[in-house]
Amino acid sequence: MTKRSVLVSSLTFAFALASSQVMAHTGEGITGGFLSGLTHPILGFDHVVAMVAVGLWGAFLGRPAIFILPIVFPLVMAFGGALGVMGVPLPAVEIGIALSGVVLGLLVLFAVKAPLWIAAVLVGAFAIFHGHAHGTELPNAANPFAYGIGFVIGTGFLHLVGIFIGEAVRLPKGQYIVRAAGAVIAAIGGAFLFGFA
Amino acid sequence: MIKLVSGGSQWAARFRHSAVVTAVFSLTPSSAFAHAFSAGADKYAQFLEGSAVAITVPSMMLPLAALGVLLGLWRQDGMVKVWPLYLVTVLIGGGGLAPFVEAWIIPAFIGLGLLVATAAALAPKLPSVVAFLGAGLTGLAGASTALEGHAFLELPFFTYLGIFFGLNLTVAFSAAVVSASLQKWSVGWLRIAWRVAASWIAAILVLYLAFLISAPDVLS
């Protein structure tokens, strides 16, 4: 390696370490819209626990629920998001979101084996609250198409995380881990419900 | 290079030959045909412009892709089965209906795409009537949306050709990807994965529709 290349590498490394916040993504345009949509479900902890709980419960219910629930949730959530975008009021949205954490967490904790249609209706009902909150809080600057893609992928990613953790039920004593996760989710939902979080 | 050639390296000799040929060609450059369309520039640009409507405009592309996923899930040769009907309805929609439709056709087409995507996501075994109905209506509405309000033969021929190509390519490509993947990997979860993809398309279309209805200028 020549002195020149050492100098160039050192300078590059130094500049990389001293880099400041990237200001290119300001929430506008395709990239900003996508990132905004992607991070919207992920950055709200009350949303995160409920969506992971959907995956966990799906894992407990087994096939086909493990696949059906993540199909139903984004669809219905997008419907709720559409209501929010169009300004259609929905009562007790925050309570519904917090309650979803409590109910879904308890269902996982007690490993409740509900029929598929009941599970789908329950998950779908909660999904409307989550979607409405996202739709209402939508930043105006976001590119709507990119935002929609990011929003749906972000939600799907959280379901996958839940399913992945939920697959632990196949391991010896794995169901206790999953049920404990359900207890934690219910507790977090309770904290949001009673204003502790 | 000279040193290597003098050393008798076969590789160097080939390299020298290539370099000479390259130099000769670079000294006698002709038109770059990838970008210069002096003879048929307008026609090709018209074709590209027409194709781009169905391939790059989200409100066109997503409903068409939804139909492709539906057909791929329906049966292995789903696209081939419905293609004649689809072609006919595209021609009817583009030639017969397009002059009479107005801006309402865009949310209507997105709504149709939403229904098609939802059917693909929720119905494990699709009845044939759903596939044929979806293809027929998508062909009609897709061509009408692409040519919304334009009088019959108002646009250049190659623009029509491009639109026709794009409307077919988007659906056929989506259907081919789905059916080819299902044929190659016969695993149960893959079919579910495509249904999840269909549900995601539906979810995006729901939001898109909401944006379109609440703030049409945002999407223009």
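1. Ser100(A) sits in helix 5 of chain A, which covers residues 93-109. The model is a predicted one. Ser100(A) has a relative accessible area of 0% and is therefore classed as buried, the cut-off being under 20%.

2. The side chain of Ser100(A) makes a polar contact with that of His130(A), at 2.8 Å. Setting aside neighbours within four places in sequence, the residues in contact with Ser100(A) are Ala50(A), Gly105(A), Phe126(A) and His130(A). His130(A) thus appears both in this contact list and as the partner in the polar contact.

3. On the fold of chain A: there are eight helices and zero strands. Read from the N terminus, the order of elements is α-α-α-α-α-α-α-α. Chain A has 197 residues, of which 48% are buried. Of the contacts in chain A with a separation of 6 or more, 85% are between residues 24 or more positions apart.

4. What is the extent of the interface between chain A and chain B? The area buried between them is about 2000 Å². Carbon and sulfur atoms give 90% of that area. In residue terms, 21 residues of chain A are in contact with 23 residues of chain B. Ile71(A), Leu75(A) and Phe145(A) supply 31% of the area that chain A buries against chain B, and no other three residues supply more.

5. How many salt bridges are there between chain A and chain B? The count is zero. Residue pairs in polar contact across this interface also number zero, with both residues required to be at pLDDT 80 or more. A reader should keep that pLDDT condition attached to the polar-contact count.

6. Which helices of chain A supply at least two residues each to the side that touches chain B? They are helix 4 (65-85) and helix 7 (144-166). Helix 4 of chain A gives the most, with ten residues. By class, this side of chain A has 18 nonpolar residues, three polar residues and no charged residues.

7. Chain B has its own helix 7, at residues 128-146. This helix has 19 residues and spans 27 Å from first C-alpha to last, close to the 27 Å expected at 1.5 Å a residue.

8. Buried residues in helix 7 of chain B include the glycines Gly134(B), Gly136(B), Gly139(B) and Gly142(B). Among the others buried there are Ala131(B), Ala135(B), Thr138(B), Ala141(B), Ser144(B) and Thr145(B). As background, residues three or four places apart in an α-helix point the same way, because there are 3.6 residues a turn.

How values were computed
Residues numbered from 1 in each chain as written. Chains lettered and ligands numbered in written order. Predicted model: local features only at pLDDT ≥ 70, side-chain atom pairs only at ≥ 80, totals over all residues. Heavy atoms only, no water. Contact = heavy atoms within 4.5 Å. Buried area = accessible area lost by both parts, 1.4 Å probe. Salt bridge = Lys/Arg side-chain N within 4 Å of Asp/Glu carboxyl O. Polar contact = N/O pair within 3.5 Å; in protein donor to acceptor, adjacent residues only side chain to side chain. Helix = DSSP H or I, 4+ residues; strand = E, 2+ residues; numbered from the N terminus. Nonpolar A, V, L, I, M, F, W, Y, C, P; charged D, E, K, R; others polar. Expected span 1.5 Å × (residues − 1). Buried < 20%, exposed > 50% of the residue type's maximum accessible area, 1.4 Å probe, protein only.
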